[in-house]
Amino acid sequence: MSRHLLSAGDLSSDEAIAILDAAKQMHAIQTREVKKLPPLRGRTIVNLFFEDSTRTRSSFEIAGKWLSADVINVSAKGSSMSKGESLRDTVLTVAALGVDALVVRHNASGAVQRIAGWVSCPVINAGDGTHEHPTQALLDAYSLRERLGDLTDRHVVIVGDITHSRVARSNVLLLTTLGARVTLVAPPTLLPAGVGAWECATSWDLDAVLTGKAAGDVDAVMMLRVQRERMGGGLPGGARDPGGVFVPTEREYAIGYGLSPARLDLLAEHAPILHPGPMNRGLEISSVAADSARSMVLDQVQAGVAVRMAVLYRMLAGVDAPALAEASA
Ligand code: NCD
């Protein structure tokens, strides 16, 4: 594993599986009454978030704390950046405090990679613009493996706002590394330019994918949030400035691409539903689907802590560190 985790594409299949296996051990700890383990005692992790987050930031914070690291949260709001300090100066200041790892989220694609070039400690990408979100892909793969076992030849359908989704890009990279097949489904305006070069199939027609010839082999469906905040007014009711129109109306989007109760019934018995959250209920996913027994939304949140513990442990204690059971003995 390289020093940083910037892209899901950085992981080989062996490395990804080693992280997912380690996460399984970590997951067992989540059900214990006392959750703290000693391996990262004395290490300091900074969560540096330049963009809003609930689950990713708190998930990294809990993951670090359960491994006994000291975790500090720095958010752009309230930081010196609002006084005009540059990104580089802010990052170098934080790093100079004596930090062992930086977990960074930024609204600009590529910003986390730039930051990794400025500091000497490991950097983990917690989401950069519309580019990548590798630990989300790892927790999605973890959740899928819990329900489906080995992902070789499994068919995962990812539906929604692919254009603005760092989750989709990281998932395509990781799922194909793990041997799965991916189909991306979205209206043409929400499929990114250049998607033809991605290692996956694409479709504009969700019903055709769910009912067509290949329908029986859909093993999982991942619904993505319609990212109003990145659309520059492209969705009615979205941001205020007039930008390109991606979707005519929310209602039309929900009719064409929402996971309605009727579409839920089309899925094979074994196929789980995933959503990285936050969900827009009634838009990309109906409450019936979100709350159904096949929904893995909360399992994904739990898996997030375990996977991030595994990533932090490997990056800070080293890939050759003893297995967790020995480390915590
Ligand atoms: C995603 C994100 O922020 O990239 N959420 C998350 O990390 N759980 C997806 C989203 O915002 O829709």
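Me: What is a cavity, and how many of 30 Å³ or more does the structure hold?
Reply: A cavity is a set of grid points where a 1.4 Å probe fits but cannot get out. The model examined here is predicted. The number of cavities of 30 Å³ or more that it holds is 1.

Me: Which helix supplies the largest share of the lining of the largest cavity?
Reply: The largest cavity has a volume of about 100 Å³. At least two lining residues come from each of α2 (55-66), α5 (134-148) and α11 (297-317). The largest share, 5 residues, belongs to α11.

Me: Where does the largest cavity lie with respect to domain 1 and domain 2?
Reply: Domain 1 comprises 8-133 + 301-327, and domain 2 comprises 134-300. Because both domains give residues to the lining, the largest cavity lies between them.

Me: Which peptide bond is cis?
Reply: Most peptide bonds are trans. One bond leading to a proline, Pro278, has omega near -5 degrees. This proline is found in the loop between β9 (273-274) and α10 (287-290). The cis bond runs from Gly277 to Pro278.

Me: Is Ser68 buried or exposed?
Reply: Ser68 is placed in the loop between α2 and β2 (70-75), and has a positive phi of about 75 degrees although it is not a glycine. Buried means under 20% relative accessible area. Since its relative accessibility is 15%, Ser68 counts as buried.

Me: Is Asp153 buried or exposed?
Reply: Asp153 lies in the loop between α5 and β5 (155-159), and its phi is positive, about 65 degrees. Exposed means over 50% relative accessible area. Since its relative accessibility is 53%, Asp153 counts as exposed.

Definitions and conventions
Residues are numbered from 1 along each chain as its sequence is written. This is a predicted model: local features need pLDDT of at least 70, side-chain atom pairs count only at pLDDT 80 or more; totals for chains, interfaces and linings use all residues. Side-chain values use heavy atoms; hydrogens and water are left out. On a 1 Å grid over the protein atoms alone, a cavity is a set of points where a 1.4 Å probe fits but cannot get out, and a pocket is an open set with protein on both sides within 12 Å along at least five of seven lines; lining residues have an atom within 4 Å of a point. Grid points are joined across faces, edges and corners, and a volume is the space filled by probe spheres set on the points. Helices (H or I, at least four residues) and strands (E, at least two) are DSSP runs, numbered from the N terminus. Domain bounds come from an automatic or database domain assignment. Buried means under 20% relative accessible area, exposed over 50%, partly exposed in between (1.4 Å probe, protein chains only).
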